[in-house]
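Trainee: I've got a model open and I'd like to learn how to read it. Can you walk me through it, one feature at a time?

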Amino acid sequence: MTEPPEASAAAAQPGPGASTDTSGAAIVPPPGGEPARSGVAVPRPVNARATAAGVIVSLLLIVAIVLGSRFLENFDSALLPYAVATVFLAFGVAYRYTVWVSAPGARRLFKKGWGSLFSAANFRKAPTALPKMIATYLGFQKFLGARSHARWAAHQLIFWGCILASLITFPLTWGWFTFTSGSGSGPGYEMRIWGFKIIGFDSLDILGWLMFHGLDIAAVLVIPGASYFLWRRMKDRGAITGQRFGYDLVPLIALIVISVTGLLLTFSSIFLHGGGYEFLAILHMVSVVFTLIYIPFGKFFHIVQRPAAVGMQLFKYTGRQDQEVFSCRRCEEPIDTTPYVENLRGTMRDLSLGFDEWAEYCPRCKRVLRGSAYLSQVKKGFK
């Protein structure tokens, strides 16, 4: 927990005030953490910039849809609600991201993170570091395995299922991908991207089955992962204590509903000869549209924040390569890289917290100094 500013006035010497991780290193607020709760007022200039960014990104996406579908020639009108939802998604992501990077801490994270990702100097120091971190931190999220192997496995199922579904759904929705058959009913099909033929395949072989059932595979991945987290939030005392229905449970329920209705559509077309297909299609569409609009303003927003965290990991890694390690002022144990500690202090100064020097102490010394300040400044008043 972060020590309140009043504690620094009561303490005779600096005490622990910075956030710490389990390894004892001082950290800035993580980009994948909980977004600001709804209802928090956004300053008018920030709101104006965020709205402008949202409008620009939305217009660019509309232009990309029109051009990518060859002026709507390949656009499927039945998928119009999905396409409209993606435009709202683009607006929401741009708006929310602009608001997020307007905060001092997030702005520093954004600059340092993305600056490290595109730094030629970092690439020269460690040319394999960036792809390795993208694979381990962003792709396979190995940091989750340290907490729980079950949580890591469930998160991986959700992550790769959603990635697969997005790679299929978005291009199809925008008219960028098309599947055409010379005979009108197959079994020979051609996959085209932006109107250009990429590959031909037979719908009756393994490749054809994978092509037409990619979303079913994604659903099979997502359902057990989301179900595990939903079960955990119903049973785990630590998860129950701080959870909120709209923030923690709705995303999981939405993923399960999308996946189940998608599988039921396939079941209806194969085994029920289309029975109940219209109702399932509408239910599936509503759940997808709701989730797409929800993403920028709910828990899923950490998806678009995470790349900046990869850059911050690279920022710390390259600092360690230069052996720029900052030691605790009290016990001289290493804390973290010197540039990282200085960046943390700068964030504290930006936030006017008034105790940025506390970042120069390790977690153990912070606890000792906190206890000493309590004994000398607080407890002596209760004799």
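Mentor: Sure, let's begin with strands: two of them pair if DSSP finds at least two bridges between them. Helices (H or I, at least four residues) and strands (E, at least two) are themselves DSSP runs, numbered from the N terminus. Before we look, note that this is a predicted model, where local features need pLDDT of at least 70 and side-chain atom pairs count only at pLDDT 80 or more, while totals for chains, interfaces and linings use all residues. Residues are numbered from 1 along each chain as its sequence is written, and side-chain values use heavy atoms, with hydrogens and water left out.

Trainee: How many helices and strands are there in the protein chain?

Mentor: The protein chain has 16 helices and five strands.

Trainee: And how many bridges join strand 1 to strand 2?

Mentor: In general, strands of a sheet pair through backbone hydrogen bonds, either parallel or antiparallel. Here, strand 1 and strand 2 (residues 188-193) run antiparallel and are joined by four bridges. For one of them, look at Phe179, whose bridge partner in strand 2 is Met191. The wider picture is an open sheet of three strands in the order 1-2-3, with antiparallel pairing. Strand 1 (177-180) and strand 3 (196-202) are the edge strands, each pairing on one side only.

Trainee: What about strand 4 and strand 5, what do they form?

Mentor: They form a hairpin with six residues between them, and Glu332 in the turn has a positive phi of about 65 degrees. Three bridges join strand 4 (residues 325-327) to strand 5 (residues 334-337), again as an antiparallel pair. Phe326 has Asp336 as its bridge partner in strand 5.

Trainee: How do I check a helix by its length?

Mentor: Take 1.5 Å times one less than its number of residues as the expected span. Helix 10 (residues 214-235) has 22 residues, so it should span 32 Å, and its end C-alpha atoms are indeed 32 Å apart. Helix 3 (residues 80-101) also agrees: 22 residues, an expected 32 Å, and end C-alpha atoms 32 Å apart.

Trainee: Is helix 3 mostly covered or mostly uncovered?

Mentor: Start with the cut-offs: buried means under 20% relative accessible area, exposed over 50%, partly exposed in between (1.4 Å probe, protein chains only). Helix 3 is mostly covered, with 16 of its 22 residues buried. In helix 10, the buried residues include Ala218, Val222, Phe229 and Leu230. For contacts, the rule is heavy atoms within 4.5 Å. Among what covers the buried residues of helix 10 are helix 8 (149-174) and helix 12 (245-271).

Trainee: Why is Ser287 counted as buried?

Mentor: Because its relative accessible area is 9%. Ser287 lies in helix 13 (residues 277-294) and touches Val257, Ile258 and Thr261, not counting residues up to four places away in sequence.

Trainee: Last one: how do I read the rings?

Mentor: Rings of Phe, Tyr and Trp (its six-membered ring) pair if their centres lie within 6.5 Å; planes under 30 degrees apart count as stacked, over 60 as edge-to-face and the rest as tilted. That rule gives 20 aromatic pairs. Among them, Tyr294 and Phe300 are edge-to-face, 6.1 Å centre to centre with 90 degrees between the planes. Elsewhere, ring pairs link Phe170, Trp174, Trp176 and Trp194 into a cluster.
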